[in-house]
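Please open the structure in your viewer and keep the selection tool at hand. The tour below goes from stop to stop, saying at each one what to select and what is there.

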Amino acid sequence: MNFGMSLLMTMINLVLLLSIFILFVQVFPEEAALRPNVVNVGAIFSFDTINGKVAKVAMKAAEDDINSDPSILGGRKLFVALHDSNYSSFLSFIAALQFMETDTVAIIGPQSSVMAHVLSHLANELHVPLLSFTALDPGLSPLQYPFFVQTAPNDKFQMIAIAEMVSYFGWAEVIAVFSDDNQNRNGIIMLDDKLAERRCRISYKATLPPDPMAKRSDVLRELAKIQMMESRVIVLNTFSKTGLLVFEVAKSLGMMEKGYVWIASTWLSTVLDSTSPLKPETANSIRGALTLRPHTPDSKRKRDFISRWNQLSNGSIGLNPYGLFAYDTVWMIARAVKLLFDQGGNISFSNDERLISLTGMDLNLSALIGYWSNHSGLSIVPPETLYGKKPNRSSSNQHLDSVVWPGGETIKPRGWVFPNNGRELRIVVPNRVSYRDFVSVVNGTNKVQGYCIDVFLAAIKLMPYAVPYRFIPFGNGHENPSYYELVSKIAAGVFDGAVGDIAIVTDRTRIVDFTQPYIESGLVVVAPVKKISSNPWSFSRPFTPSMWAVTAAFFLIVGSVVWVLEHRINDEFRGSPRQQIVTIL
């Protein structure tokens, strides 16, 4: 997955923002001359989370790098004010209002898509840009929320990647486990759509309370249900605390063993990148799971930043791609402010009378930055560039490295098992007395065997999904059962199907459906075969003495007719009687 926002989507956002700024300058010409010495930027995150910790270090590093280069803001300073929302939507909302009350040109955040939906409405009204690299709900449309910009690939792209993996390995159904919040819920909806395009589907959706409120009992209840189902391909779309809890419970239930497939969204790669070393129990619980990591193209700036990371973080946490996105987002704001100043624009603030009348306090508005571009260069390739072309899904074009699946298996899991909670198909088998090679019941047991049974079992193995069944003998075993009665019971719903030497006749086809015939007799002639010793004169056996006599007579008659017609005009048919008889013969 390559990093980048849709160029078209970004342009729509930024042109709108630029237009608003120009309008503001016209309305408040006396205030537009302001060029503050400090450019204030707010950031709202839960700094106890992995991405929050990484973002805090990365944003401060970007602030220092920008301020150390006078050519960026012309000697002005950039200040990123950090606010810890501590998983609280209420605190996120209050922080956003506090930033809007001060001279803040933009807000980085919020961390969750739930709050992004709420604050985007506020940003639309107050014309304050929000930039987030973690609130990646595909439903946050730039047309509906022009002041909200996602500075990392939204979840649409990783759901496409997961759908491609499912299709590549040939699985028809998956089970989705996700936290019941906007981002994860809408991500699964997107996954469902992308799977449908590849003729796959989600067979069951297991919802968990929003992260980090899920409890062990919540996870245990859902995984116990999944254990009873046939699909063994599980997609886990959540955040780190809930995700690790799910794997811990799955390990205790034996769901990280042979036959299972686990695909985790990018939250797991952030845990692996930023947590070192992993606890042994955590490492054991996730062994065999697949995950995705957002891709950022290699560059010298990226390598330089990675080499500085341990010094910047004091070794407290490892760098993950969202740290690059955080660093990039701060640079994006700085470059946009620089472009605005270079074009002769200014930043000014004004009180909104609507808010004064409603709340009795003054809130300041930012007259927004005109163009979001020219960021740091750590991440430059828009994923839409790749997805703009029709994908090549031919087998020769698809190459993935070998995978070690749960349980240490290297062979691709089948992806399904016979479910424990499904009703078995009732397959009736005629308990015949004659022609037992076709189908028969082993005396004294419920085991059935025969050519028809072998064909049925071979067909079952070719099915891409589980088909539970059980054979039910029909008949007393002393005489052949009535096939008309057997077929009638299928039509009546007593049985679900039948396997046996059942002829396809018109009356039966009117009440039940038949498979394609696998034994075709057609019209035949039955004749007895006698064993006769062979000798060189065997060819003469069909000729009886009478036939020999008739054959000889015909030889003489034909010769005589030829002689009568030829001897008058042909000298070779004349001579003595002896010569003429020889000619006839």
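Which residues does UniProt give for the feature "transmembrane region"? The unreviewed UniProt entry places that feature at residues 546-565, so named by the record, and the model you are looking at is a predicted one. Select residues 546-565 and show them as a cartoon: the chain there is 100% helix and 0% strand, and the C-alpha atoms at the two ends of the stretch are 29 Å apart.

**The whole chain**

Before going to single residues, show the whole chain, in which 20 helices and 17 strands are found. Of its 585 residues, 45% are buried, and the chain exposes about 30,700 Å², with carbon and sulfur atoms supplying 57% of that area. Among the contacts with a separation of 6 or more, 73% are between residues that are 24 or more positions apart.

**A strand residue and its contacts**

Next, select F79, which belongs to strand β2, residues 77-84. Is F79 buried or exposed, or does it fall in between? Its relative accessible area is 39%, and F79 therefore counts as partly exposed, the class that lies between the 20% and 50% limits. Leaving aside residues up to four places away in sequence, F79 touches V38, V39, N40, V41, K60 and E63, and it helps to display these side chains together with that of F79. If you also select D64, you will find a residue 15 positions from F79 in sequence, with a C-alpha to C-alpha distance of 9.1 Å.

**Two cis peptide bonds**

Move on to P110, in the loop that runs between β3 (104-108) and α5 (113-126). The bond to look at here is the one joining G109 and P110, a cis peptide bond with omega at about 0°. A second stop of this kind is P212, in the loop between β7 (201-208) and α8 (216-227), where a cis peptide bond with omega at about 5° joins D211 and P212.

**Two residues with positive phi**

Now select R199, in the loop between α7 (182-197) and β7. Although R199 is not a glycine, its phi is positive, at about 60°. The relative accessible area of R199 is 81%, so this residue is exposed. Then select Y435, which sits in the loop between β13 (425-430) and β14 (440-441); Y435 is likewise not a glycine and has a positive phi, of about 50°. With a relative accessible area of 60%, Y435 is exposed.

**Where two helices cross**

For the last stop, select helix α9 (residues 240-252) together with helix α10 (residues 267-274). Two packed helices are described by the angle and the distance between their axes. How do the axes of α9 and α10 cross, and within what distance do they come? They come within 9 Å and cross at roughly 95°, which means that α9 is roughly perpendicular to α10. Show the side chains where the helices meet: S240, G243, L244 and F247 belong to α9, while W267, L268 and V271 are their counterparts in α10. Sorted by class, the residues of this contact between α9 and α10 are five nonpolar and two polar, with no charged residues.

How values were computed: Residues numbered from 1 in each chain as written. Predicted model: local features only at pLDDT ≥ 70, side-chain atom pairs only at ≥ 80, totals over all residues. Heavy atoms only, no water. UniProt positions renumbered as here; feature names shortened; annotations may be inferred. Helix = DSSP H or I, 4+ residues; strand = E, 2+ residues; numbered from the N terminus. Buried < 20%, exposed > 50% of the residue type's maximum accessible area, 1.4 Å probe, protein only. Axes fitted to C-alpha atoms, helices over the stretch in contact; angles between N-to-C directions. Parallel < 35°, antiparallel > 145°, perpendicular 65-115°, else oblique. Contact = heavy atoms within 4.5 Å. Nonpolar A, V, L, I, M, F, W, Y, C, P; charged D, E, K, R; others polar. Areas by Shrake-Rupley, 256 points an atom, 1.4 Å probe, with all protein chains shown as cover.
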